[in-house]
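Here is a short report on one protein model. Please keep the sequence and the structure open while you read.

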Amino acid sequence: MRIGYGNDVHRLAENKPLILGGVEIETDLGAVGHSDADALAHAVTDAILGALALGDIGSHFPDSDAKWKDADSFDFLRHTIGLMKEKGFQIANLDSTINLEKPKLRPHIDKMRENLARVLETEIENISVKAKTGEKVDAVGKRRAIRVEVVLLLRRSADGSSASAK
Ligand SMILES: [Zn+2]
């Protein structure tokens with residue numbers, strides 16, 4: 001088993017979309033970022049890379065690289081899942097918390113879980129997405145930022161797809 005942790009922060013601004021776990025959420029303040037600014041997908045990507053001790057999202061998908069401009073963050077995830085499978089691992093489970101003051105995310109949570117489960121090649125029961133506000137304090141509470149934190153556990157694939165699997 002390998003544990004991974006990832007987090008991500010994006011600034012909020014007007015006239016920007018807000019995409020979380022591949023779900024576009026209607027809001028007056030969206031996330032600013034080089035790619036599609038999907039903070040949940042970014043934190044999950046970082047957590048998987050962390051679990052494998054393969055560096056971070058910035059080293060794999062540098063925002064200085066025009067290739068990743070306005071990228072679909074799920075492409076980051078698909079690429080990272082490929083690395084994970086090469087190493088002979090699969091997702092055991094994932095837990096996440098999205099800190100966002102507004103709007104309420106509850107109606108979108110199951111769709112995010114479904115999207116993540118599909119790209120992570122696991123069951124929806126293994127994916128937890130929770131949402132909290134910033135209680136009107138700090139950058140989240142003042143509606144200046146969105147923050148996401150993720151922990152996950154990887155386990156060896158049953159099929160032992162990696163030659164080095166032990
Ligand atoms: Zn990000």
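## Zinc site

His10 is buried, with a relative accessible area of 9%. His42 counts as buried too, at 7% relative accessibility. In this predicted model, both histidines are donors to the zinc ion. The protein donors are Asp8 through OD, His10 through NE2 and His42 through ND1. They lie 2.0 Å from the metal.

Along the chain, the donors follow the spacing D-x1-H-x31-H. The two histidines link distant parts of the chain. His10 sits in strand 1 (residues 2–14). His42 sits in helix 1 (residues 39–51), 32 residues apart from His10.

## Strand pairing around strand 1

Strand 1 carries His10, and it pairs with other strands. With strand 7 (residues 145–156) it shares 10 bridges, and the two run antiparallel. One point of reference is Gly6, whose bridge partner in strand 7 is Val150.

Strand 4 (residues 29–31) is also antiparallel to strand 1, joined to it by 3 bridges. Here Leu12 has Ala31 as its bridge partner. As background, side chains in a regular strand alternate between the two faces of the sheet.

## Nonpolar cores

The largest nonpolar core has 40 residues. Which residues have the most contacts inside it? They are Leu20, Leu40, Ile48, Ile98 and Leu120. Helix 1 gives the largest share of this core, with 8 residues. Helix 1 is also the element that holds the zinc donor His42.

Leu20 shows how such a position is surrounded. Leaving out residues up to four places away in sequence, Leu20 touches Ile25, Asp38, Ala39, Leu40, Ile98, Leu105, Met112 and Ile146. Leu40 and Ile98 are themselves on the list of residues with the most contacts inside the core. A second core is separate and has 5 residues, including Ile57, Phe61, Trp68 and Phe76.

## The aromatic pair

How many aromatic pairs does the model contain? The count comes to 1. Phe61 and Phe76 form it, and the pair is stacked. The ring centres are 4.4 Å apart, with 20° between the planes. The angle is classed as stacked because it falls under the 30 degrees cut-off.

Phe61 lies in the loop between helix 2 (57–60) and helix 3 (73–86), and Phe76 lies in helix 3, so the pair ties together parts that are 15 residues apart in sequence. Both rings belong to buried residues. Phe61 has 5% relative accessibility, and Phe76 has 4%. Both residues are also members of the second core.

## Salt bridges in helix 4

The model holds 9 salt bridges. In general, side chains of opposite charge can pair when their charged atoms come close. Asp110 and Arg113 meet in one of the salt bridges, at 3.0 Å from N to O. These two residues are separated by about one helical turn, because they are 3 residues apart in helix 4 (residues 106–119). Asp110 is partly exposed, with a relative accessible area of 47%. Arg113 is partly exposed as well, at 21%.

Helix 4 has another such contact. Arg118 forms a salt bridge with Glu114, and the closest N and O atoms are 3.6 Å apart. Arg118 and Glu114 are 4 residues apart, about one turn of the helix. Is Arg118 buried or exposed? Arg118 counts as exposed, at 53% relative accessibility. Glu114 counts as partly exposed, at 37%.

## The helix 3 network

Salt bridges that share partners join Asp72, Asp75 and Arg78 into one network. Within this network, Asp75 forms a salt bridge with Arg78, with 3.1 Å between the closest N and O atoms. Both residues lie in helix 3, 3 residues apart, about one turn of the helix.

Asp75 counts as partly exposed, at 35% relative accessibility. Arg78 is partly exposed too, with a relative accessible area of 45%. Helix 3 also contains Phe76, which is buried at 4% relative accessibility. The helix thus carries a partly exposed Asp75 and a buried Phe76.

Definitions and conventions: Residues are numbered from 1 along each chain as its sequence is written. This is a predicted model: local features need pLDDT of at least 70, side-chain atom pairs count only at pLDDT 80 or more; totals for chains, interfaces and linings use all residues. Side-chain values use heavy atoms; hydrogens and water are left out. Donors are N, O and S atoms within 2.8 Å of the metal (3.2 Å for Na, K and Ca); water is not among the atoms, so sites may look incomplete. Buried means under 20% relative accessible area, exposed over 50%, partly exposed in between (1.4 Å probe, protein chains only). Two strands pair if DSSP finds at least two bridges between them. Rings of Phe, Tyr and Trp (its six-membered ring) pair if their centres lie within 6.5 Å; planes under 30 degrees apart count as stacked, over 60 as edge-to-face and the rest as tilted. A nonpolar core is a set of buried Ala, Val, Leu, Ile, Met, Phe, Trp, Tyr and Cys residues joined through side-chain atoms within 4.5 Å. Contact means heavy atoms within 4.5 Å. A salt bridge is a side-chain nitrogen of Lys or Arg within 4 Å of a carboxyl oxygen of Asp or Glu.
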